[in-house]
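Welcome! Work through the exercises below with the structure open beside you, and try each task before reading its solution.

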Amino acid sequence: MFDPADRRKQILYKAVAALARRERSRLGLYKKLSETFNEEGDKELINSVLDELVSKKYLSDERYARIQVLTRSARYGDRKLFWNLQRDGVSREIAEEALKQNEESEYDRALVLWKRKFGEPPEDYKERAKQIRFLASRGFTFKTIEKVLSCELPDDRTDAPEIEQRTTI
């Protein structure tokens with residue numbers, strides 16, 4: 001068994017080094033530290049180090065959620081972003097707030113992604129199903145997917161990209 005004071009310093013050093021590389025959620029950092037420090041009594045030391053890092057604002061689930069939404073929103077819909085934040089241990093309230101702060105609408109992101117991948121309306125049911133599966137796997141809602149595939153523009157949108165109007169198959 002290690003001296004608790006020395007062990008705590010090791011845990012703190014490893015935690016700060018991990019945070020220096022990239023932003024992490026509290027749960028993610030806990031899991032990372034638990035891989036290395038799994039001796040008896042380490043769990044309590046890890047939690048005390050995490051509490052210290054939170055109090056010093058080195059570790060923040062709010063900041064982690066904002067950064068995740070900002071960096072991944074171009075590729076994923078709100079459902080997938082929310083689910084990933086929940087998986088990473090971010091509370092429901094923090095995840096919802098981070099998604100609300102996203103400046104680009106889910107429709108705009110889905111439309112850009114759809115244009116880049118497909119660029120033209122589906123020719124038949126098989127192609128339509130393929131496009132729906134693609135957008136659904138990225139976490140976009142079916143309401144958004146239907147708008148993208150029918151190129152239905154919301155009433156307040158006059159600056160939307162030019163795409164010919166078509167009926168759904």
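## Exercise 1: Asp-42

Asp-42 is found in helix α3, in a model that is predicted. Your task: decide whether Asp-42 counts as buried or exposed, and find which residues Asp-42 contacts beyond its neighbours within four places in sequence.

Solution. Begin with the cut-off: a residue is buried when its relative accessible area is under 20%. Asp-42 has a relative accessibility of 2%, so Asp-42 counts as buried. Next, look for its partners. Once the neighbours within four places in sequence are set aside, Asp-42 is in contact with Arg-7, Ile-11 and Phe-37. Finally, take in Phe-2: the C-alpha atoms of Asp-42 and Phe-2 are 9.9 Å apart, while 40 residues separate the two in sequence.

## Exercise 2: How α2 meets α3

Your task: describe how helix α2 and helix α3 pack, and say which residues make the contact.

Solution. Start by locating the helices: α2 covers residues 26–36 and α3 covers residues 42–55. Their axes lie 10 Å apart and form an angle of about 140 degrees. The angle makes α2 oblique to α3, since only angles over 145 degrees count as roughly antiparallel. The crossing of α2 and α3 is right-handed. Now list the residues. From α2 come Arg-26, Leu-29, Tyr-30, Leu-33 and Ser-34, and from α3 come Lys-43, Ile-46, Asn-47, Leu-50, Asp-51, Leu-53 and Val-54. Sorted by class, the contact of α2 with α3 holds seven nonpolar, two polar and three charged residues.

## Exercise 3: How α8 meets α9

Your task: work out how α8 and α9 are oriented, and which residues meet.

Solution. Helix α8 spans residues 125–137 and helix α9 spans residues 142–150. The angle between α8 and α9 is about 135 degrees, and their axes are 10 Å apart. It follows that α8 and α9 are oblique to each other. Their crossing is right-handed. On the α8 side you will find Arg-128, Gln-131, Ile-132, Leu-135 and Ala-136, which meet Phe-142, Ile-145, Glu-146, Val-148 and Leu-149 in α9. By class, this contact of α8 with α9 has seven nonpolar, one polar and two charged residues.

## Exercise 4: Two loop residues

Your task: place Pro-121 and Lys-57 in the chain, and say how exposed Pro-121 and Lys-57 are.

Solution. Take Pro-121 to begin with: Pro-121 sits in the loop between α7 (106–117) and α8. Its relative accessibility is 24%, so Pro-121 counts as partly exposed. Pro-121 and Gln-131 are ten residues apart in sequence, with their C-alpha atoms 9.2 Å apart in space. Then turn to Lys-57, which is placed in the loop between α3 and α4 (61–72). With a relative accessible area of 63%, Lys-57 is exposed. Check its backbone too: phi of Lys-57 is near 65 degrees, a positive value in a residue other than glycine. As background, most residues other than glycine have a negative phi.

## Exercise 5: The whole chain

Your task: say how many helices and strands the protein chain has, and what percentage of its residues count as buried.

Solution. Count the elements: there are nine helices and zero strands. Then turn to burial: 39% of the 169 residues count as buried. For the surface, the accessible area of the protein chain is about 10,600 Å², and carbon and sulfur atoms account for 50% of it. Last come the contacts: among those with a separation of 6 or more, 62% join residues 24 or more positions apart.

Terms used:
Residues are numbered from 1 along each chain as its sequence is written. This is a predicted model: local features need pLDDT of at least 70, side-chain atom pairs count only at pLDDT 80 or more; totals for chains, interfaces and linings use all residues. Side-chain values use heavy atoms; hydrogens and water are left out. Helices (H or I, at least four residues) and strands (E, at least two) are DSSP runs, numbered from the N terminus. Buried means under 20% relative accessible area, exposed over 50%, partly exposed in between (1.4 Å probe, protein chains only). Contact means heavy atoms within 4.5 Å. Accessible areas come from the Shrake-Rupley method with a 1.4 Å probe; for residues, only the protein chains shown count as cover. Axes are lines fitted to C-alpha atoms, for helices over the stretch in contact, and angles run from 0 to 180 degrees between N-to-C directions. Angles under 35 degrees count as roughly parallel, over 145 as roughly antiparallel, 65 to 115 as roughly perpendicular and the rest as oblique. A crossing is left-handed if the near helix is turned anticlockwise from the far one by less than a right angle, and right-handed if clockwise. Ala, Val, Leu, Ile, Met, Phe, Trp, Tyr, Cys and Pro count as nonpolar, Asp, Glu, Lys and Arg as charged, and the others, Gly among them, as polar.
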